[in-house]
Amino acid sequence: MMDGRGIMASAATGAMGSLLAKLAALLGEDCYRMQRGTRREVAFLRDELSSMNALFERLADAEADAPLGPQTREWRGQVREMSYDIEDCVDDYMDQLRGRGPERSVGGGGGVVGFVLGYVQAVREMVSRRGIAEQIQDLNARVVEAGHRRKRYKIDAAVSSARVVQVDRRLPALYAELGGLVGVSGPREELIRLLDDGDQRMKVVSVVGAGGLGKTTLANQVYRSIGDRFDCKSFVSLSQNPDIGMIFRAMLSQLKKDECGELNASGDKEQLINELRDFLQDKRYLIVVDDIWSTQAWKIIKCAFPENARGSRIIVTTRIGTVAKSCSSPGYDLVYELRALSEDDSKMLFFRRIFGSEDECPHLLKEVSVEIVRKCGGLPLAIITMASLLTTKSDTREEWMKVCSSIGSGLEKNSDVEEMNMILSLSYNDLPHHLRTCLLYMSMFPEDHEIRRDYLVRRWIAEGFVKVFGGRNLEEEGECYFNELINRSLIQPLDFQYDGRVYSCRVHDLILDQIVSKAVEDNFVTVVTDKRQILHHQGKVHRLSLDCASVENMLSHSMSFAHVRSLNIFKYSELMPPLSNFRTLRVLDLDGNENLESFYLEDISNLFHLRYLRIRATNITLPEQIGELQKLMILDLLNCYDTAELPASIVKLWKLEWLIAHRVKLPNGIGNMQALEFMSLVVVDYTTPVAVLQELGNLTKLRTLGLDWRISDTRKDKIAYADNFVSSLVKLGTSNLQYLTLISPWSLDFLLDSWYPPPHHLRELAIKGWCLRKIPMWMASLVNLTYLDIEVKVIQETLQVLADFPVLQFLKLYSNAADPEERCLVVNNDGFRCLKKLNFVHWTNLMFSEGATPMLRTLEFQIIVHEVKTACGSSSPDLGIFHLSALKNLVVNIYSECARVEEVEALEAAIQFSASMLPNNPTPTFHRFREPEMLMDDAG
């Protein structure tokens, strides 16, 4: 049967790609079920739609060069809508052929197919009337020349042109050091002077400027530069319609990050304001409120900031001059107007992004480069976007001149919005069709929404936007798409992983404005919010995003849900349309719905075509009917913290590939779910039958496993549990297992010597909650391991074993046990050759030899001060920090117990000095612990 891999949906072609795949399946595996006449009709339908699909792609390419005529656009829109209707009919027809699905009358050789063919013929006649006779001739020719179609349109060449895309490794440095690259240093110092004037009264400074000028970058540079001068700090970004409660919770989370205890995640705005005011009342604080759009929002937000005469400062950024004046402190000239980049700074940013420096630019491209920079008008986002576009072009003057000429004359009219829209549309049109679709899909998310890479890729997969090439799986291919959008600067990276991969991103407001406009024009996405509603004039909705607390606005319009394929509900309301209205749904994402009740899912068994289900809610119970969703590929319950058990019917989901949850019990019959590739986090406890652990080994496609082991050492049958678990782990390890997380408060020592053969495919391993006595032999043999997070008794021998891992990039090492004979461990000069991030938590000091960890960028470790001199010697008072030439981030946790104040200060000064001499000049962050137990200067 068709498994959904390689099915392509597209903004340009509608449902054509997936429809053609289904028609091919009808003519393949289901052919014997159809009557002979029906087979001929389906074959003709497949050929006709294939021709139209090819024409669609040609039209999309032509539209990149010049706007299509109104008749052509109308014809394309009608045929695109038709593709969705036909797919719905084919889906029901296939379900009936296979004996499942809703009861609908779909005749074998009659009604539906005949109607569709008549519709197609009518469209062909309409095409000729719309003045595109050449395309119609091509369609007619392809019907009778089926054997030549593949060669004529070079389908094989298009497929073979796909390539593996690696994320641009310069991006972390680009975004981290943007101030020095785009002329921010001057404005940064000016803004700091406005803020740091010695006045103890609380002040608000506004930064105002057009979109894309770099207001956020400037505010962030200042925030980083002076943040350590304040007791606490927070940086929050707003949208045009901000959720003030969410903004306040984000502030509290950042301000209280060093405090123990749970934050108040609920509460109304008044409670949150009071909590913020109480916390900030006696502190010197720094707050950045980025991208505020209205004085009304500011009037509420500023209530949380007490005027406490401690020199607190607030930075506000906005595009609107009146808002800037309203926010800034009265009686002061504290509105800073950000200007466009100078010509020199613009060229510096442009050439750095493409060539590394202006000197590396070929002479024949210098003149056209200067002209392109001039047309960017000093807007950093425009410059980066154009530079990223040109990195995908050949280094020929003709190619660059074509790009330069395409920008048009709008840039000379001094209209920032028109300038940016023209530049961004150029970058959008240059994307391959599948990347245009993936980018437009991001219009489903609210402004300033942080989007995790893995989450977004899974959504793309469920929608059918990702097609596998070159032996990669769907997830790897989807990440290539994501990386390409990052490389082209069309989405902005927010957080990075240890290996340089982008963990999360956002869409810049200017790009979001454009893709929303384009998505609505193509009737690809419909967005409904509290303050605005975006609908296509035809009224049919295919992908619906609801971001509104009430649905009166939506219900006041006639909106048909019969064709909705994707439903994203960011805020749940009891008036929300029932799921029974969405019979064609493929993707259902219930995000941020604290009030969602289980009864809303009662009709979920009617969603026969559902491939993706994500729920973010508390107090939710999945219905037993979940097992009827036979096409479900992805089930994401990660944020359903109170869901401890899954329905027994879950094991009927034989197509499920991702099971993402927060500590749910491993279900009976798990061995039936042989398509699973990702399963985390599942619980094994005393209620879990031993047979379930045996079945675990049958999941040979599993690449990611997260398991919480709760079998205590006192249980008589622990050996049976452990033996079966190890047996299954061995099977998984010799199959496809690459990512493993084990959590347990009970002993895992049964894993020390029993895992054979070792899991050589393993890339990431985390063992938490139990401290191993030693590094197991099987673990030491993992030559592909890049990530390791373990608790183990660390001695010098242990450290050397870990240092020999050939490709290890991330190491988090925790141990409560210290060897009294080894009070200082040494990382030798041949250790950790690839390590980029080290977090060392141990009651033993750590020292670095010359040449050790040559790639280490981030280090967090702890020092027991009173033992440093005796254990590590006085020849290296900074513990070898000056040897870490690649270091960029340094956090030192200092345990001051039994140490003199002067010893602590001398150690901090030595580390501070050594760090200042390193090439990247990292600023150490020191955290002192047990300061009250330090020895005073007069102590003996």
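Helix H21 gives three residues, the largest share, to the lining of the second largest cavity. Helices here are DSSP runs of H or I with at least four residues, numbered from the N terminus. This is a predicted model, in which local features need pLDDT of at least 70 and side-chain atom pairs count only at pLDDT 80 or more, while totals for chains, interfaces and linings use all residues. Residues are numbered from 1 along each chain as its sequence is written, and side-chain values use heavy atoms, with hydrogens and water left out.

**The second largest cavity**
- A cavity is a set of points on a 1 Å grid over the protein atoms alone where a 1.4 Å probe fits but cannot get out, and its lining residues have an atom within 4 Å of a point.
- The whole structure holds five cavities of 30 Å³ or more, and the second largest has about 120 Å³ of space.
- Its lining has 14 residues, and Ala12, Tyr428, Arg436, Lys518 and Asp522 lie nearest the centre.
- Two or more lining residues come from each of helices H2 (36-65), H3 (70-97), H20 (416-429) and H21 (433-441).
- Six lining residues are charged, four are polar and four are nonpolar.

**The nonpolar cores**
- A nonpolar core joins buried (under 20% relative accessible area, 1.4 Å probe, protein chains only) Ala, Val, Leu, Ile, Met, Phe, Trp, Tyr and Cys residues through side-chain atoms within 4.5 Å.
- The largest core has 123 residues, and Ile615, Met679 and Met779 have the most contacts inside it.
- Helix H27 (residues 718-733) supplies seven residues, the largest share of this core.
- A second, separate core has 48 residues, including Trp460 and Ile511.

Technical notes: Buried means under 20% relative accessible area, exposed over 50%, partly exposed in between (1.4 Å probe, protein chains only). On a 1 Å grid over the protein atoms alone, a cavity is a set of points where a 1.4 Å probe fits but cannot get out, and a pocket is an open set with protein on both sides within 12 Å along at least five of seven lines; lining residues have an atom within 4 Å of a point. Grid points are joined across faces, edges and corners, and a volume is the space filled by probe spheres set on the points. Ala, Val, Leu, Ile, Met, Phe, Trp, Tyr, Cys and Pro count as nonpolar, Asp, Glu, Lys and Arg as charged, and the others, Gly among them, as polar.
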